Every structure is written in C-alpha cells, then in structure tokens.
Amino acid sequence: MEPITVKVGLASCGLAAGAEDVYRKLEEYLGQNNESFSLKRTACIGMCFEEPVVELAGSDLGSVTLGRVNPENIISLVEEYQSGKLPSSNVILAEKSDASRNELLANQQRIVLQNCGVIDPLSLADYESRGGYQALRKALALSPGEIIAEIKDSGLRGRGGAGFSTGLKWTFAAAAKSEKKYVVCNADEGDPGAFMDRSVLEGDPHKILEGMIIGAYAMGADEGYIYCRAEYPLAIAHLKVAIEAALEKHYLGNNIMGSDFSFELHIKEGAGAFVCGEETALMQSIEGKRGMPIIRPPFPAESGLWGKPTNINNVETWANIPWILLNGAKAFRAMGTEKSPGTKVFALAGKIAGSGLIEVPMGIPLRDIIYKVGGGMKTEKPFKAVQMGGPSGGCIPAELLDTIVDYDSITATGAIMGSGGMVVMDSGTCMVDVARYFLNFTQNESCGKCTFCRIGTRRMLEILTRITEGKGVMEDIERLEDLAQNIIKGSLCGLGQTAPNPVLTTLRYFKHEYLAHIEEKRCPAGVCTALLKYEIDPDKCIGCTACARKCPVNCISGTVKQPHMIDQSKCIKCGACYKTCKFDAITKA
C-alpha cells in the first residue's frame, strides 16, 4: 500500500497563519507512522485566505485539500482521510468530491503557478519530476535565433506592467555587439497589495532560473542577476538553495548540460525602494550606486550594467519561458486574446472573499475574476471599484466591471495592467481617501531626482489631504488636474509619470465624491475622520452604558437606562461607540 502524502503549505502566508506549528505537530505524529505517511513541504497554492493549508493524497478519495487547519484538529482530519472517509470539516478542495473552493480553482488556467503549492520548492528532484529543465535541454539543441523566434511568435508581453514584446526585447539584446552581456530578473515587487513575484519565487524558484538560463543562451549573455528586495527573506533563501542545486546538476555554471554555454547567476538584495523597480534605477543599485533612474537612450539593450548590453524581465515573464519552449508558441497563443496572449497572475486583496493568488487567461472579464475566481465580496456591502496597477494604476468603477482583462482594454479605462496587483473595494471606501493613500505612497517613494515628481506630487498630496479634512475649495479640482498633467509630462521615470493616475481615475469616475467633500463638507463613504460626526438617537438608546464604557476619551455621558449624549468637543471620532452599540442608536454622518 502506497503511503499517504501529507503536504503542508509553508510559504510566507502559511507561516504567518501558523503553518509551522501544524507541520511540527504532523512531524511528531507521522514520525511514529512513517511507513504509512510521507510528510512534505510545499508553498502556497494561491488560497492565502484559507491558510494554513494541508493537502492529503494517496487513498481512493484522491487529493483532498484542507484549509484553516490548526495543531489541535489536524491529526483527527488526517486519521479520517486514512480510514477512507472524507474529512468531516475543513475540506476546501477535493479531486473526487464537491468542495467549497473547487470552482475557484476550476476557473483558473495555470502556467506560471502550475508548480506552486504542488512541489517542494527546495527539491530539484520535485521540479524535474514536473518536466523541470526539459525546456533548457530543448533550447540548447536550438540556435539562439530559433529560440527568440519562438518567443516572438508566442506574443508574450512583459508581465512587469509595460507590456512590451518580450521577443522584440530579446532581439535588441541579442543584436548588440559585445563580448559581455547580462540578463536580469526584476523581483523588486513593491506595489501595495502585490505579492505575485514573492509567491512564485517561494514556490517554484527553479522555473525562474530555467527561464533566465534559456534567455541568457538566446541573447548571448554569460552572467545574470536576480534583483530581489530583502523584505522577501524566504524567497531569497529558496533561490539560494535552488542555485546551489542547479550548479551541482550542471544546469548552471560552466558548460551547462555538456554544451559550450556557460552562465553565472547572482542574487542582489535590494533595500526595498519602490523606484528600484524602474530598470535604470535597478541597474544603478546592482552596480552599488544609489538607486535613481537615468535618462534613456541609451536603452539597457545597448548599454546597461557597467555599460554592457543588458536585458531585464520580471519574475512572471521569465516564468513563462520554459512553458513556451516546451509547448510551443501556438499553444501559448491559444490562450488569451490576439494582442495579449497567454495568462496573467493577479494578487487579489482588499474586500474580496478569496484573497490570494490566481492565474487566469487574458481576456477574462473583470466580473468573472471578482465573482467566479475570487469568490465575490467579503462584506455585505456592494462592489464599488477595483484598483489595478498599484500606485501607477487607477480605479475601475462598478459600471466597467464587464471590461475584459488585457493590456489595451485596461489601459482604455485609465488604469493599467501593472504587474498584477488587484485591490477590491466596497461601498464603504472613500475614493478621495484612496487617491490620497496612493499619492502618499509615491510621494514617500520618490527618489527626489526630478522636480516634477518631488515637488509636484507633494503639492497634490497637500491638496488631497486638505479635501479629506473638509478644507478644500472648488479650485482644487483644476489644480489637481493641471499638476497631474505637468507631472506626467515632466517626470524622468515611470514612477513620476504614472503617480497622478489614481487621482485622475478617481476624478474621472468619482468626481461627485470630491464635490461632496468640498461643497457639502461631507464624506459619502463615512471614512474621512475630520468630516464625521457621531450622534446618539435618544429614541433608540436604552442606556445600557456599553458605548460610554468603550469610549477611550470619556466623551459619552448619561445614567443607566437613560439616553446618553456625546460631547462633540471631546470626541476623537474613533468609531468605538458606533461599533459597540447593539441597538443602532449611534449614527454616523
């Protein structure tokens, strides 16, 4: 009888939810039954909202995945599975039965994430068992020109946000005349709400290595860097293990797989500056300089790292390369749309039930992502908007929920595809406050090199803050629009050029909220503290004193069984009374 395989998700999200304790408990228990069980580590399957996650496989029940397990219940659940019964609780995925999250996974199409949550990311053998490094073997039998032609034919566009043709980019680097060339993986993921790159690096590091080695061979590079922010220690640890294993197996280093091709790969840990996601700033940082953008041309393909031709792609782009080489450009083009073929990984965050990582074919409507793949809204409040592209992107309102997801359609809404962050908002979200939040982020992350970005975003942030405090005037709308256009035209790099996008899209779709803040001194969503007022309805208040006991500044007074009152001069508008009252006696306006 084959042993039952027990896999525990030990990515960052799983560890944060307590997966290490679950693993230790299983290790202790299964160690006494080591002939019946095989305990393995894996990474995140994408359902971060169900962590800690444990998969069981090896019985007639097929694969069964359990969510939200803990050290107290995991043993009984494993024993139920071992006895041939579907576990009585915590089942989220089941190969041969109905399960609560089966549909969420069924609506996805996985290329980049196909191994995440499946293999042990620290095991080269696991990666090889799933076809790992077969694409490299195939590539080394082709000429560099044939590989680049395949990537061009696939129509793969850079997944870092700009969407430039990967094959064309490789063509430029390959055509550059130099004895020394570099390839770089941009893993400096810094968008609020984005964690796609981190999850891929933690869950399937060899795939990134394989993609980079193939790219280096095609473009004639012999050295490469993975630029990963130091805030991702687990991803960096997995990459280091993967590089060592690949060197031992001659997938990296000198004379790869017996060929004449040699490639050396390094990890550069970034300090976590958002601007270093911009490729010229990233290269400055690798060279040991302050990470600040420089004017192009020359482009990196002509003069990049230390003046040598350099090609930079992000994590998801590199992760697509092995699949395309193995399955062919035609198979890749069979997914997605004509101008945006393939799939896209998104990080779902905010007010969505199924927060986590998904991979869907390009061309899927936003509505399907939110409701079929993401499981709908987490709160009872209706969907209001989705922020795409992080601080460089914009907000897409509910009336555009049927927009299909591809580069051109998303850009037409005023947002951008970006690297794949998707923050879902419900009706309890203030869009002026959202614009202020993202502008505060870009203002803090501005490197300060050019005046439009450094001073322009500061002035915009001051105006937005004034509006959310009820001090705005009508002329502020025009000032915001003028500043936005000048910052877009005058900034040196993408950070500054796109910084006004959240403001422009919220003005485009939610201008009425700006007007309510300015003209009526009212926040329609009830978010902006300075514009809020809490009051007690004497007809509903029964004098239970719960609100008075909860108030941190003692601004609520009254006697037992008598209506209470709020001293507005002392109220700090924290909302503690509003959340405490069980009789709807406290209103927020």
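Helices here are DSSP runs of H or I with at least four residues, numbered from the N terminus. With that in hand, welcome to the tour; bear in mind that this is a predicted model.

**Stop 1: a charged patch.** Select residues 475-490, which make up helix α19, and find Asp-482 within that helix. Now add Glu-475, Glu-478 and Glu-481 to your selection: together with Asp-482 they form a negative surface patch. Is Asp-482 fully exposed or only partly exposed? Its relative accessibility is 43%, so Asp-482 counts as partly exposed, because that class lies between the 20% limit for buried and the 50% limit for exposed.

**Stop 2: an enclosed strand.** Next, select residues 383-388, strand β12. All 6 of the 6 residues in β12 are buried, so the strand is largely enclosed by the rest of the structure.

Bring in its partners now. Residues 421-426 are strand β14, which pairs with β12 in the antiparallel sense over 5 bridges. To see one such contact, pick Ala-385 and look across to Met-425, its bridge partner in β14. Then show residues 394-397, strand β13, which is also antiparallel to β12, over 4 bridges. Here Val-386 sits opposite Ile-396 of β13.

Follow the chain from β12 to β13 and you trace a hairpin with 5 residues between the two strands. Pause in the turn at Gly-389, which has a positive phi of about 90°.

**Stop 3: a covered helix.** Finally, select residues 501-509, helix α21, where 7 of the 9 residues are buried. Colour the buried ones to finish; among them are Asn-501, Pro-502, Val-503 and Tyr-509.

Methods
Residues are numbered from 1 along each chain as its sequence is written. This is a predicted model: local features need pLDDT of at least 70, side-chain atom pairs count only at pLDDT 80 or more; totals for chains, interfaces and linings use all residues. Side-chain values use heavy atoms; hydrogens and water are left out. Patches are made of residues with over 30% relative accessible area and no salt bridge: like charges are joined within 9 Å, nonpolar side chains (Val, Leu, Ile, Met, Phe, Trp, Tyr) within 5 Å. Accessible areas come from the Shrake-Rupley method with a 1.4 Å probe; for residues, only the protein chains shown count as cover. A salt bridge is a side-chain nitrogen of Lys or Arg within 4 Å of a carboxyl oxygen of Asp or Glu. Lys and Arg count as positive and Asp and Glu as negative; His and the chain ends are not counted. The place of a charge is taken as NZ of Lys, CZ of Arg, CG of Asp or CD of Glu. Buried means under 20% relative accessible area, exposed over 50%, partly exposed in between (1.4 Å probe, protein chains only). Two strands pair if DSSP finds at least two bridges between them.
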